[in-house]
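User: Could you help me read a structure? I would like to start with how its strands are arranged.

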Amino acid sequence: MSKLSSMLRTEKLVKRYGGLLVTDSVSLDVREGELHAIIGPNGAGKTTLINQLSGELQSNSGKVLFDGADVTAIPIHHRARRGLLRSYQITSIFEGFTVLENTVLSAMGAKEHAFRFWKPMLAREDLVATARDALEITQLSALADVPAAELAYGQRRQLELAMALAAQPKLLLLDEPMAGMSVQESTGVVEMLKRLKGKQTILLIEHDMNAVFALADRITVLVYGKAMISGTPDEIRNNPEVKTVYLGDEAIG
Ligand SMILES: Nc1ncnc2c1ncn2[C@@H]1O[C@H](COP(=O)(O)OP(=O)(O)OP(=O)(O)O)[C@@H](O)[C@H]1O
């Protein structure tokens with residue numbers, strides 16, 4: 001696949017709640033290798049759209065095409081198994097297991113039906129190597145042997161990301177990965193995403209405009225459920241319609 005090919009595409013995707021059209025015929029294109037951000041004012045429909053992509057919500061009409069296949073009717077866990085993964089969708093963290101063990105479990109779950117071929121977890125060198133890479137990217141290596149129960153909030157969120165990466169998804173859906181984090185922890189996530197850029201296809205929803213404009217290869221602006229425009233950060237920043245939407249909000253970019 002070339003870099004410009006689509007990893008995820010939607011065609012005229014629709015979600016209605018009664019008379020309320022929350023996703024209004026959205027056609028989106030996330031290319032292989034890019035970090036694509038979705039921004040939009042509160043209530044624009046970002047969370048609804050990501051739920052439709054992950055499979056948590058069924059769409060009323062339209063299509064979700066992932067890695068060349070139509071996954072519109074495919075349930076959430078099967079989408080994840082094909083490599084369309086949302087970070088918090090990872091099996092919950094096992095409190096008594098260490099950071100490394102939790103991450104190895106996630107790597108294992110992605111490769112085979114977990115526990116089917118049970119062996120001592122840390123004897124699986126291939127999985128341990130994958131897990132250690134994920135811990136390095138998320139800067140959790142120093143905490144590898146710490147039980148999950150002892151992690152602070154921000155570190156748990158980092159562990160979720162590490163576990164998501166260890167599952168080696170083809171596309172990672174990240175819904176506000178910095179929410180609830182301290183400034184220092186958020187900076188850590190931005191740095192991590194910079195390191196991942198180009199290596200991992202990511203669809204990011206994030207309210208922090210500075211982070212979005214610093215990170216994204218392309219941005220789609222969602223307004224009242226419609227994809228108003230997709231483009232590079234510069235194209236979005238200089239678009240008069242986008243400026244109008246964000247008028248009164250802090251300056252974007
Ligand atoms: N289950 C539901 N039933 C009815 N209306 C809903 C439901 N879920 C969301 N909505 C409505 O759909 C619209 C879009 O909501 P959504 O949470 O997707 O927006 P958002 O862009 O993620 O917002 P925010 O930036 O505030 O998180 C809102 O008007 C919301 O009230």
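User: How many bridges join strand 4 to strand 10?
Analyst: In this predicted model, 4 bridges join strand 4 (residues 35-39) to strand 10 (residues 218-223), and the two run parallel. Strands are DSSP runs of E, at least two residues long, numbered from the N terminus, and two strands pair if DSSP finds at least two bridges between them. Local features need pLDDT of at least 70, side-chain atom pairs count only at pLDDT 80 or more, and totals for chains, interfaces and linings use all residues. Residues are numbered from 1 along each chain as its sequence is written.

User: Which residue in strand 10 is the bridge partner of Ala37?
Analyst: The partner of Ala37 is Ile219, while Ile39 stands opposite Val221 in strand 10.

User: And what about strand 9?
Analyst: Strand 9 pairs with strand 4 in the parallel sense over 4 bridges. Here Leu35 stands opposite Ile202.

User: Which way do the residues of strand 4 point?
Analyst: Leu35, Ala37 and Ile39 point one way, and His36 and Ile38 the other way. In a regular strand the side chains alternate between the two faces of the sheet. In strand 4, 5 of its 5 residues are buried, that is, each has 20 or more other C-beta atoms, placed from the backbone, within 10 Å of its own.

User: New topic: what is the order of the strands in the sheet?
Analyst: The open sheet of 6 strands has the order 7-8-9-4-10-11, with mixed pairing. Strand 7 (84-86) and strand 11 (226-231) are at the edges with a single partner strand each, so one side of each has no neighbour in the sheet.

Note on methods. Buried ≥ 20, exposed ≤ 12 C-beta atoms within 10 Å, placed from the backbone.
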